[in-house]
Every structure is written in structure tokens, then in C-alpha cells.
Amino acid sequence: MKKYLMIAAILAVGTTALAEKEVKLEETVITTENFETSVQETPKNITIVTSEEIANKGANTVAEALKGVPGINISTLDGGEATIDLRGYGATGSQNTLILIDGIPMNNIQGSGYYTSLIPVEMIDKIEVIPSGGAVMYGDGTTAGVINIITKNPQNKENYGSLGLEVGSWGATKGNIHYGTKVNDRLLMDVSYTNYKSEGYRAIANKEYDKDDKKESIWLRGKYLLDNGSIEANYRHNENEDYYTGALNKEDFEKDPTMPGTWEGLADSTEDSYTLKYVQKINDNLDLLVYGGYEELEYNGDSSWPVHYIATQSFIKPQIKYNYGENSYIILGGDYKEGESEDQINRLAKEKTRESYAGYIMNKTTMEKWQFTQGYRRENLKYKTPVNGEWKDEKLNADSYELAVNYLYSDTGNIYLSYVNGYRSPSIQDLGLWYGELGIQETETYELGLKDTIGNTFISPSIFFSKTSNEILYAEAPNGNKYNHNFDGEVERKGIQLSLQHYFDKLILRESISHIDAEVTSGKYDGKKFAGVPEWTVNLGATYNFTDKLLGNIDMYYQSSAYGNSDFKNDFGKNNEYTTVDTNLKYSFDNGLEIYAGVRNLFDEEYCTSFISYGSYYPADGRSYYAGFRYSF
């Protein structure tokens, strides 16, 4: 423990030891309105992770880039796709946080989550994290908030691009090639290819599954410039092969976390996505946005419980913005989605379908230093699915509301108060094993916060309270068996979040801390803590520029213990408290070349990325090393 305290002390000191440097955080936010606005003028506890910060900390995936963001807890199941839990939703974090790419939702068609590990971090310009945001603009699945991954725009240059290669522990290699060109004065195009493979941290007993994990991603993008707008076309192809082994009991985990589990399997997926986006400034007062697309996902789970399905979805979203005064405007929009999933193993089962259409309105009025926001959304959903063993046509309605007041008390500071009513509806995956009548999950969230730059420090504290009814999760149903269903009882979440960033001539210090108390307040589990939610997460970090070319970074992450993801009775005690440290160095040459190296989990902490009750432990990776280069032109 002493080594962690020493590192914490090193990271925390120095805020008065160096000369102050003026800090100007004039970041723009796209996510909340689909049109740009500033951080100060957005009444949310926003965190923006820039491409520079992603590179400085040596992040290899979106999940690694988001480590340390206040309110976020990252977990994986035996090296699989990361779950990003925003504000304490435990095992259903991925279904309650909407992930966007350039403002377009990417939570997969089945509703089981997303594949952020297949997004090349070299293509990311910034990531916007908006807790309790997007309920009116995006609707379904935003009860915890939205995370928008904004990619770098194709450049207006004849030739540009990058080349990178990284090697690491357990035979890991990652390569990325990116090339772009200016076809003519209006047409810009680029293409990116990323390949990753690894033997994995844990052993696998069955030789049939003792193979390298593989991930492959191809992006093709085109942008046609209009006089006052643009047309963008994007294609993404992702392939993922994840060979995994099962859980360990406590004794085996403490003896050797790398040993094989109780079973082996392969999760194999292929994803294709096509999107088209049109943006036009019609006049000084009117802006138009329309996007649409089609996506297909094929998933094959080869294990003791084989799964094979093909899911497709098409969607369209038009939106207009009318400016009726200085920084005052009204936004009108709607969206339509149609998706289906077909089981390839049980061909006798009918296709499960889900269709939705929605309309929304949002108004923002500025009166000197005061800003008032109001929004409303109505969504209608239609399902064809088995309910309690019978195929039925089900219809549901859902509403979202948003009210906020924002006071700009200085050129750099604002204080805000907001109320959001968001919802989550049953996904196609939920309906594959559903108990009871279908119901809409509703969450009300109240938040009070402040953002300001004081001297060389950016500060962002907030407090929030949310109440959820009909929470959708997989747990013991009223009949005594485990199903997806609407949870019996309300869940209250109370939280405090604080983020600080100190800027000096050569040094940047970061501190963030989150406390979330999630408790069931009625029903069968009244008075119990909500499963899978740690109360405390802490990040202390520092980035230091030794010279203009040499940069060093270190981050310490702490997570407190929590009840297992399915332990709603709180019978098995809390577990999985841990502290890890990551560190890396980067050297940049004048010709566009940079080399880097780092260590993740520096002190080889043994902990679990996911802890399930009943003695099921899924070990996290131990200490790992990596080194690589990037060349940009």
C-alpha cells in the first residue's frame, strides 16, 4: 500500500510549486444538440477526452481512453468487449449508456452492447462524455447518458496519413494504416485499416480454443463539400474472434489467476455499417441535418451454449435548428428505426423484430447571463416477439423530458441545475429470454453542478440524484428462475463527482473522484445495495513534458469493492477492490515519427475485471509491456 500512497503524493503535490499558466478550455460540444455549442453553455457535467490525451496516456482502445473519467467504471468479462458503466448501472451499464460515432448511435442491433475495441484510436479526434444527457435528442438507452466518439475529419490535402505498429506482452501486435487524399476541390476521401492479435493473459486447456484473439477493422470515408454544408458517406467493416475461458473459484483465483477456467469458447462477430450524413446551413437562421444508414451484425458463440444470429437495422434521422435570437434557438427532429434478428440455430423460431419512430423538440432561450432549456420527446415502439412462450405483437410508448437552467456568472464559469426523465425499452436480445409483460424503464435525474477555470486549474464538481422504476435486467424473476424482466422495486442512485485539471508550463496534473450510492428502495430487495456498483472510483494522473520532444505519463486508478453483478440479495459480500498504475513515455521526432513504450498494471495487481456472485471470478490482465511507433505525414 505504501507504494500507492507514494505515487498519490507525487501526483498531488506541485500545484503551487510551479508558475501559473493561463488555461483556456474553449472546447465545443456536439453531442447534446447535434450542432456545436460550448462546454460552458451546456448544463451537464461534461468530460472531453482529446486525441492528444488519448495518445499521451498510451490508450489502445476507447475503454482505455475513458479510464479515469468521473462516473465511469470499465469492466470486461474474460478479455471480451469492455462494458462502459456510467453512473452506477452495474451489469446493464452497456444497455443504459448510448455510444455514438460522430453523433450516430452504435449500440448494436441486438441491444447487447457495442464493439468499441474495433474503433482505431488513431482515427479519434475527441470523445465527449455527457452523463444523463441525450434523453430528448437520442431517446432509448440514454438513462445513464451518452458517449460520443468523434472521428477526425477527412483533410483538405492531396496526400496525408499515418502508419503505426505496436508489440506487447502475450504476443500482442497491433498495426494501423491510414491514408487520405483530396480528389478535387470538393471531394475528400480516406481509408483506414487496423489489425490486432494477442495470445491473451489466461491459459486455455482445450487446444481447439487455444488460439490468438483477432480483431480487424476497415473504414472507408468520403466527404463532399457544399457551399454551406457537406455530404458524408462512411463504411465500417469489423471482425472479431475472441477465444475465452470461464470463471475461476476464489481458491484458484488466489492461487494462479492465469489458469484455465471451467469451460472454453469462441465469440465470433462480423459487423458492417453504412451511413450517409447531410449537413446544410440554409441561411443565417436555419440549419438542416439528416443522417441515415444500414447495419448488419452476425454473431456466432461456439461453446456449451451455442448462439448464432444475424441482425439487421436501418434508420434515418432528420433535424432542423432555427435561431430566433442571440444564442436562442429551437430544434425540431425525429427518427425512425427498423431492426430484426433471426436465430440461425433454431430455424423454427420466427424473426424477432423491433420498430420505433419518434419526434422531439428542444428550445434554448438566453437572457443576458441566464440560459433556459426545455425538451420533450415521444417515441412509439412495436415488437414482434415471444412473450411468455407466445408470439405476440406488442406496442409501447415512451416519453422523455428535459429542463435546465444555466447561469454564466463569469467569462469562464457557469453553474447549472437540470432535470431529465429518460427511458430504456426492452431490446431484441432482452426478449430472447423475457419474463412477464413488457414495460418501459424510466429514470428521473436531478443534477446540480459547476464548471470554471480558476487560475491554472479547471474544476468541475457536481451532485446528482436519480430514481429508476421498472429497471430492465437479468436476475431472479418472480417465478424463481433467472430471466430478463422489469425489476421489482425502485432503484435510487446518489452521486458526487469532482474533476480537477492543473496546467503548468511542462506539467499537467489530473484528479477525479466519484462516489455513487446505488440502493433498491422498494420491492423484493428493499434496502439492498444494487449489484455490481462500486461506491468509489478515483484517478490521479500526471503528464510531464521533459523536453519539447519527450513526454512522460502516469495514472493511478482505484476502485472500491462491490457486490457481485447478480448478487441482488447481498448474500456473498463485497469484493474486487483494487488499485492499478499505468505509465508510459513518448518521443516525437521532427519528421512526423514518434516512438513510445509503456507498462500497464505496473505493480502486477491481481484483481477481477468482472466479479459475479456465487464464487465466479474473471481475472484481469496482469502486468503487461508494450512499445511501438507512429509515423504521420
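**Salt bridges, a mixed sheet and a nonpolar surface patch**

In this predicted model, Glu476 and Lys569 make a salt bridge, with 3.9 Å between the closest N and O atoms. Glu476 sits in strand 25 (residues 472-476), while Lys569 belongs to the loop between strand 30 (550-559) and strand 31 (578-588), so the bridge ties together parts that are 93 residues apart in sequence. Neither partner is tucked away under the 20% cut-off for buried residues: Glu476 is partly exposed at a relative accessible area of 26%, and Lys569 is partly exposed as well, at 35%.

That pair is one of 27 salt bridges in the structure. Another one joins the side chains of Asp190 and Arg221, with an N to O distance of 2.7 Å. Here too the link is between distant parts of the chain, with Asp190 in strand 12 and Arg221 in strand 13, 31 residues apart. Both ends of this bridge are covered: Asp190 is buried, with a relative accessible area of 3%, and Arg221 counts as buried at 7%.

A further bridge runs between Arg378 and Asp399, whose closest N and O atoms are 3.0 Å apart. Arg378 comes from strand 20 (residues 370-387) and Asp399 from strand 21 (residues 390-407), so this contact ties together parts 21 residues apart in sequence. Arg378 is partly exposed, its relative accessible area being 33%. Salt bridges also link Lys317, Asp335, Arg377 and Glu379 into a network.

Strands 12 and 13, which carry the Asp190 and Arg221 pair, turn up again at the surface. Together with strand 11 (172-182), strand 12 (187-198) and strand 13 (213-226) are the elements that give two or more residues to a nonpolar patch. The patch is made of Leu163, Ile177, Tyr179, Val183, Met189, Val191, Ile218, Leu220, Tyr631 and Phe633, and the accessible area of these residues together is about 800 Å². One of its members, Val183, is placed in the loop between strand 11 and strand 12. With a relative accessibility of 46%, Val183 counts as partly exposed.

Turning to the sheets, five strands line up in the order 3-8-9-6-7 to form an open sheet with mixed pairing. Strand 3 (47-50) and strand 7 (104-105) are at the edges with a single partner strand each, so one side of each has no neighbour in the sheet. Strand 3 runs antiparallel to strand 8 (residues 124-131), and four bridges join the two. In this pairing, Val49 is found opposite Ile127 of strand 8. Along strand 3, Thr47 and Val49 point one way, Ile48 and Thr50 point the other way, and all of them are buried.

Ile127 is also a good way into the interior. In soluble globular proteins, nonpolar side chains tend to be buried together. The largest nonpolar core in this model contains 25 residues, and Leu66 and Ile127 are the ones with the most contacts inside it. At least two residues of this core come from each of helix 3 (62-66), strand 5 (83-86), strand 6 (97-101), strand 8 and strand 9 (145-151). A second core, separate from that one, has 17 residues, including Leu98, Leu100, Tyr360 and Met362.

What does Ile127 touch, not counting residues up to four places away in sequence? The list takes in Thr47, Ile48 and Val49, then Ile54, Val62, Ala65 and Leu66, and finally Ile147, Asn148 and Ile149. The contact set thus draws on three residues of strand 3 (47-50) and on helix 3 (62-66), which includes Leu66.

Two polar residues round off the picture. Ser75 belongs to strand 4 (residues 72-75) and counts as buried at 19% relative accessibility; this value falls just inside the under 20% limit for buried residues. Leaving aside neighbours within four places in sequence, Ser75 is in contact with Glu81, Ala82, Thr83 and Thr609. Gln429, in contrast, counts as partly exposed at 36% relative accessibility. Gln429 is found in helix 6 (residues 428-431), and its C-alpha atom is separated by 8.7 Å from that of Ser341, although the two residues are 88 residues apart along the chain.

Definitions and conventions. Residues numbered from 1 in each chain as written. Predicted model: local features only at pLDDT ≥ 70, side-chain atom pairs only at ≥ 80, totals over all residues. Heavy atoms only, no water. Patch = residues over 30% accessible without salt bridge, like charges linked within 9 Å, V, L, I, M, F, W, Y side chains within 5 Å. Areas by Shrake-Rupley, 256 points an atom, 1.4 Å probe, with all protein chains shown as cover. Salt bridge = Lys/Arg side-chain N within 4 Å of Asp/Glu carboxyl O. Buried < 20%, exposed > 50% of the residue type's maximum accessible area, 1.4 Å probe, protein only. Pairing = 2+ DSSP bridges. Core = buried A, V, L, I, M, F, W, Y, C linked by side-chain atoms within 4.5 Å. Contact = heavy atoms within 4.5 Å.
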